[in-house]
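Trainee: Before we discuss this entry, could we settle how its elements are named and then go through it piece by piece?

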Amino acid sequence: MQARVGSHGSLEDSKDSVVATRTNQSKALPLRLLQLFGLFLALCFAFSIISIYSVRHFGIYSVVTTVKSNFVPCNEEPLTLDRWTKPPSNLLHSMSDEELFWRASFVPRIKKYPFNRRPKIAFMFLTKGPLPLAPLWERFLKGHEGFYSIYIHSLPSFNAEFPSSSVFYRRQIPSQVSEWGKMSMCDAERRLLANALLDISNEWFILLSESCIPLYNFSVIYHYIKKSKYSFIGAFDDPGPYGRGRYNENMAPEVNVTLWRKGSQWFEVNRRLALNIVEDSTYYPKFEQFCRPACYVDEHYFPTMLTIQAPNLLANRSITWVDWSRGGAHPATFGRADITEEFFKRVFEGLQCRYNDQPSSVCYLFARKFAPSALEPLLHIAPKVLGF
Ligand SMILES: *[C@@H]1O[C@H](CO)[C@@H](O)[C@H](O)[C@H]1NC(C)=O
Ligand SMILES: *[C@@H]1O[C@H](CO)[C@@H](O)[C@H](O)[C@H]1NC(C)=O
Ligand SMILES: *[C@@H]1O[C@H](CO)[C@@H](O)[C@H](O)[C@H]1NC(C)=O
């Protein structure tokens, strides 16, 4: 019995002891877990305190961003300001007019430039093909790099071949056929403006033809334009049949006959007016539909539109001299035999105009029309009469 009891007892005992040890173990285990868990919580707490403290005081975030920016994929250039301040390296983009005009209409809202911006003149040549007077322009521009840009719109079929040393090298923009007196002419001018607007440093935009020449040296012209309060676009109210007579009442109310203007196509506009012209979708459809020959849209669209939108910015006169005295539908063209000192005396003599609201005798900075045969005598006479 005892044995049994004993054995039993011992069994019991051993059983008990096993149970006892089990109970002892099961009591000790949660305790250790709790301790571990407590330690873990304490560590977490300490770590979060440390992190918050470090972020607040040492700006750990900047370390994180620096690390991130080092991991730019190798095919992407890091973004720098140059992307917006440097002119496009290639003028032959593949944008449609709609895409180009949209892009060209971007305007920074912060007026102060965060870089050293030197305002440039954009000389925009609207041509059929070659530029026979290019050597004269080359001489005019020599030494003034960084103060001008050049853009050429020619017939799309024309392939320009300027040497890489020329200021005209690769300055052709994607062009389309444009016809005198039609909207396609204004389209070409808007295309020139839009391409030139892509260079944020272009501040003044001058439209020229292949038969234009400069009448002063670059410094005189640059300062005349820079110091002017107004942009030089011809805009006058002609009550006759070739002025108001071309107005179509269907243009109202956007265009009122009282603001109908006429002017030569050869303009100088500043960046603000260039944007007005490129972004216009209010007046364009009116002119496109209701100003067709014998309403010559290139003589009315910009002068009228800008007179409505920004009359106080316009000088209302052109800076391109032209001779209508020979009569006819086209102005006089001057060739080899015309180019004399006497001729230029006639061009400069007796001029009167207003410059910055003051009387002035410097009224024209450019002149047209000059034939290719005029080039040689012009190069010869330029230092004496034109100052370059
Ligand atoms: C440009 O012309 C003006 C006036 O004719 C003259 O005073 C000036 O020295 C010329 N500038 C240069 C760089 O030749
Ligand atoms: C043009 O403007 C004048 C006032 O300047 C106004 O009397 C006239 O009704 C307008 N004409 C049209 C067609 O809107
Ligand atoms: C140009 O004409 C507009 C009206 O068409 C006028 O408001 C503006 O003052 C003129 N500009 C100058 C310089 O006289």
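Mentor: Helices and strands are DSSP runs numbered from the N terminus, a helix having at least four residues and a strand at least two. The model we are reading is a predicted one.

Trainee: On that footing, how many helices and strands are there in the chain?
Mentor: Counted as such runs, the elements of the chain comprise both kinds. The totals are 12 helices and 9 strands.

Trainee: What is the mean pLDDT of the chain?
Mentor: In this predicted model 81% of the residues reach a pLDDT of 70 or more. Residues 1-26, however, have a pLDDT below 50, and beyond near neighbours in sequence that stretch has 0 contacts in the model. For the chain, the mean is 87.

Trainee: Which further stretch has a pLDDT that stays under 50, with 3 contacts beyond four places in sequence?
Mentor: The model gives this stretch 3 contacts beyond four places in sequence, while its pLDDT stays under 50. The stretch consists of residues 58-69.

Trainee: What share of the contacts with a separation of 6 or more comes from residues 24 or more positions apart?
Mentor: The chain has 388 residues, of which 26% count as buried. Among its contacts with a separation of 6 or more, the share from residues 24 or more positions apart is 80%.

Trainee: What is the strand order in the open sheet of 4 strands?
Mentor: The pairing in this open sheet is mixed. Its edge strands are S2, residues 148-153, and S5, each of which pairs on one side only, and the twist from one strand to the next averages 20°. Read across the sheet, the order is S2-S1-S3-S5.

Trainee: Do S1 and S3 run parallel or antiparallel, and which residue of S3 is the bridge partner of Phe125?
Mentor: Strands of a sheet pair through backbone hydrogen bonds, in either a parallel or an antiparallel sense. Strand S1, residues 120-126, is joined to S3 by 7 bridges, and the two run parallel. The bridge partner of Phe125 in S3 is Leu208.

Trainee: In which sense do S3 and S5 pair, and which residue in S5 stands opposite Trp204?
Mentor: S3 pairs with S5, residues 268-270, over 3 bridges in the antiparallel sense. Phe205 has Val269 as its bridge partner in S5. Opposite Trp204, the residue in S5 is Asn270.

Trainee: How many of the 8 residues of S3 are buried?
Mentor: To count as buried, a residue needs 20 or more other C-beta atoms within 10 Å of its own. Strand S3, residues 202-209, is mostly covered. The number of its residues that are buried is 6.

Trainee: Which helix lies across S1, S2 and S3?
Mentor: The helix in question spans residues 183-197 and runs at about 145° to S2. Its label is H6.

Trainee: Why does helix H11 lie largely in the open, and which residue with a positive phi follows H11?
Mentor: Helix H11 covers residues 341-348, and because the number buried among its 8 residues is 0, it lies largely in the open. The residue that follows H11 has a phi near 65° and is Gly350.

Trainee: Where is Asn356, and is Asn356 buried or exposed?
Mentor: Asn356 has a positive phi of about 50° although it is not a glycine, and its place is in the loop between strand S7 (353-355) and strand S8 (358-360). A residue with 12 or fewer other C-beta atoms within 10 Å counts as exposed. Asn356 has 10 such atoms within 10 Å, and is therefore exposed.

Trainee: Which residue does a cis peptide bond join to Pro293?
Mentor: The omega of this bond is about 10°. The partner's place is in the loop between helix H9 (284-290) and helix H10 (301-309). The residue joined to Pro293 is Ala294.

Trainee: Which residues surround ligand 1?
Mentor: The shell around ligand 1 divides into 1 nonpolar, 3 polar and no charged residues. Its members are Asn217, Ser219, Val220 and Gly387.

Trainee: How many residues of the shell around ligand 3 are nonpolar?
Mentor: Around ligand 3 are Tyr230, Thr307, Pro311, Asn312, Leu314, Ala315 and Asn316. The shell includes 3 polar residues and no charged ones, and the number that are nonpolar is 4.

Terms used: Residues numbered from 1 in each chain as written. Chains lettered and ligands numbered in written order. Predicted model: local features only at pLDDT ≥ 70, side-chain atom pairs only at ≥ 80, totals over all residues. Near = placed C-beta within 6 Å. Nonpolar A, V, L, I, M, F, W, Y, C, P; charged D, E, K, R; others polar. Pairing = 2+ DSSP bridges. Contact = placed C-beta atoms within 7 Å. Axes fitted to C-alpha atoms, helices over the stretch in contact; angles between N-to-C directions. pLDDT = per-residue confidence, 0-100.
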